[in-house]
Amino acid sequence: MSDSEQNIRRLSVRELWEHEALQFTPWLAEHLNLLGQEIAMDLEVVGQERQVGQFSLDILAKQADSDPEVFVAIENQLEWTDHSHLGQLLTYAAGLGAQVVIWVAPGFRQEHAKTLHCLNDWTTDEMRFYGVRIEAVQTTAAPRPEPRYSKVVYPGGWREDETLRGPAENPEKLIYRDFFEPLVVNLIRAGFSDKQPRQIWNYRDRGFASAVTEGIWYMASLEGRNDAWVTLHIRTGDKDLTKRLFDALMRDRELIESAIAARPPSEWHWRRHNPYHYSSINIRRNGSITDSPEKQAEIRAWMLDLIRKFKEEFDPRVQGIMEALQD
């Protein structure tokens, strides 16, 4: 049945998954058969967050019943394709010896799709690169949003007319950039970190590195429909070390929460994230990019205050834990 017959309405993929790592990646791993149907492969999950040096691949899979084994590297995102994910994809494929590489995203920039297409031409027949678009659609037959895959790049061809030529930036990114810019400028001027701020998950957050040890980040983010967060993000590159750091901090939870004393009182969320290579300690309050300018200024001031308090409280604690572990 055609699109017009079905009255298809395309929605933002964030109607289905608000968070890439915590929601989309696990869903993709649990429903790998849907992706496999689109590219005519029978896929089995080997693991999520598979480590490659200090980085981690979203999903490592393999082709079922293949002898010898054919490994499949899957990198997913909830934004248009970008340079960083392209680099990650190639790093993971090389590091894990994957022969099939799949990039899942809601939209492919033409330059990135063409790169995957060229890689299919340049590499041996044993290597296969796919670009697969994920969409959220509503139809008259299924009024609730549902996911849908479609191949954009595949061995032997690509659908150039389904790639994106612009704008240079997603307009929504500019709105978040304007929100975070005053916060970033304030912290840079104060010498908060000797490294440039970066996005940890996506353009809805900003992370500032700790000087104490690699893999400790202080984050501010706007996620979900009404969630403002300040976070200690722990991702050392060593899963065991990350969990030991979190557990050591967790033992002093009451002292830490009392010392930081968020104002106004806010929700604490201590998340070990057992299956993953990261852990986090978070404070949450209501806050959205759709709030009034006055409300946004209040949220930024809250973030600025708490990020500083997090650094003052956690830096010496992390340093002490690291020294004790080394001893």
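1. Two elements are said to be in contact when heavy atoms of theirs lie within 4.5 Å of each other. Helix α8, residues 253-260, lies across strands β12 and β13. Its direction runs at about 145° to that of β12. The structure discussed in this note is a predicted model, and every remark below should be read accordingly.

2. The sheet to which β12 and β13 belong deserves attention next. Five strands form this open sheet, in the order β9-β10-β11-β13-β12, and their pairing is antiparallel. The edges are held by β9 (205-209) and β12 (267-271), each of which pairs on one side only. Neighbouring strands are turned against each other by 15° on average, with direction ignored.

3. A second helix, α7 (residues 239-250), packs on this sheet. Helix α7 touches β10 (216-223), β11, β12 and β13, and its direction makes about 50° with that of β13. Within the sheet, β11 (residues 227-234) and β13 (residues 279-285) are paired in the antiparallel sense over seven bridges. The student may locate this pairing through T231, whose bridge partner in β13 is N282.

4. The loop that joins α8 to β12 contains A261. The phi angle of A261 is near 45°, a positive value in a residue other than glycine. Most residues other than glycine have a negative phi. A261 has a relative accessible area of 24% and is therefore partly exposed, since that class lies between the 20% limit for buried and the 50% limit for exposed.

5. A comparable backbone feature is found at A40, in the loop between α3 and β2. Phi of A40 is near 60°, again a positive value in a residue that is not glycine. Is A40 buried or exposed? Its relative accessible area is 71%, so A40 counts as exposed.

6. Helices α2 (residues 20-30) and α3 (residues 32-39) form a packed pair. Two packed helices are described by the angle between their axes and the distance between the axes. The axes of α2 and α3 come within 4 Å and cross at roughly 70°, which makes α2 roughly perpendicular to α3. On the α2 side the contact is made by W27, L28, A29 and E30, and on the α3 side by L32, L34 and L35. By class, six of the residues in this contact are nonpolar, none is polar and one is charged.

7. Strands β2 (residues 43-52) and β3 (residues 55-63) run antiparallel and are joined by eight bridges. Q48 stands opposite I59 of β3. The two strands form a hairpin with two residues between them, and G53 in the turn has a positive phi of about 60°.

8. Strand β3 also pairs with β4 in the antiparallel sense, over four bridges; L60 has A73 of β4 as its bridge partner. Strand β4 pairs in turn with β5 (residues 100-105), in the parallel sense and over five bridges. There, I74 is matched with I102 of β5. Strand β4 is mostly covered, with five of its six residues buried.

9. The loop between β3 and β4 (71-76) contains P68. Which kind of peptide bond joins D67 and P68? The bond is cis, with omega of about 5°. Most peptide bonds are trans.

10. T163 sits in the loop between β8 (157-158) and α6 (171-189). Its relative accessibility is 9%, and T163 therefore counts as buried, the limit being under 20%. The side chain of T163 makes a polar contact of 3.4 Å with the side chain of Q110 and reaches the backbone oxygen of E160 at 2.6 Å. Neighbours within four places in sequence aside, T163 is in contact with F108, R109, Q110, A113, V152 and W158.

11. Q110 also serves as a reference point for Q138, which is placed in strand β6 (residues 128-138). How far apart are Q138 and Q110 in sequence and in space? They are separated by 28 residues in sequence and by 26 Å from C-alpha to C-alpha. Residues up to four places away in sequence not counted, Q138 touches N7, I8, R9, L11, P143, R144 and P145.

Terms used. Residues are numbered from 1 along each chain as its sequence is written. This is a predicted model: local features need pLDDT of at least 70, side-chain atom pairs count only at pLDDT 80 or more; totals for chains, interfaces and linings use all residues. Side-chain values use heavy atoms; hydrogens and water are left out. Buried means under 20% relative accessible area, exposed over 50%, partly exposed in between (1.4 Å probe, protein chains only). A polar contact is a pair of N or O atoms within 3.5 Å; within protein, one must be able to donate a hydrogen and the other to accept it, and residues adjacent in sequence count only if both atoms are side-chain atoms. Axes are lines fitted to C-alpha atoms, for helices over the stretch in contact, and angles run from 0 to 180 degrees between N-to-C directions. Angles under 35 degrees count as roughly parallel, over 145 as roughly antiparallel, 65 to 115 as roughly perpendicular and the rest as oblique. Ala, Val, Leu, Ile, Met, Phe, Trp, Tyr, Cys and Pro count as nonpolar, Asp, Glu, Lys and Arg as charged, and the others, Gly among them, as polar. Two strands pair if DSSP finds at least two bridges between them.
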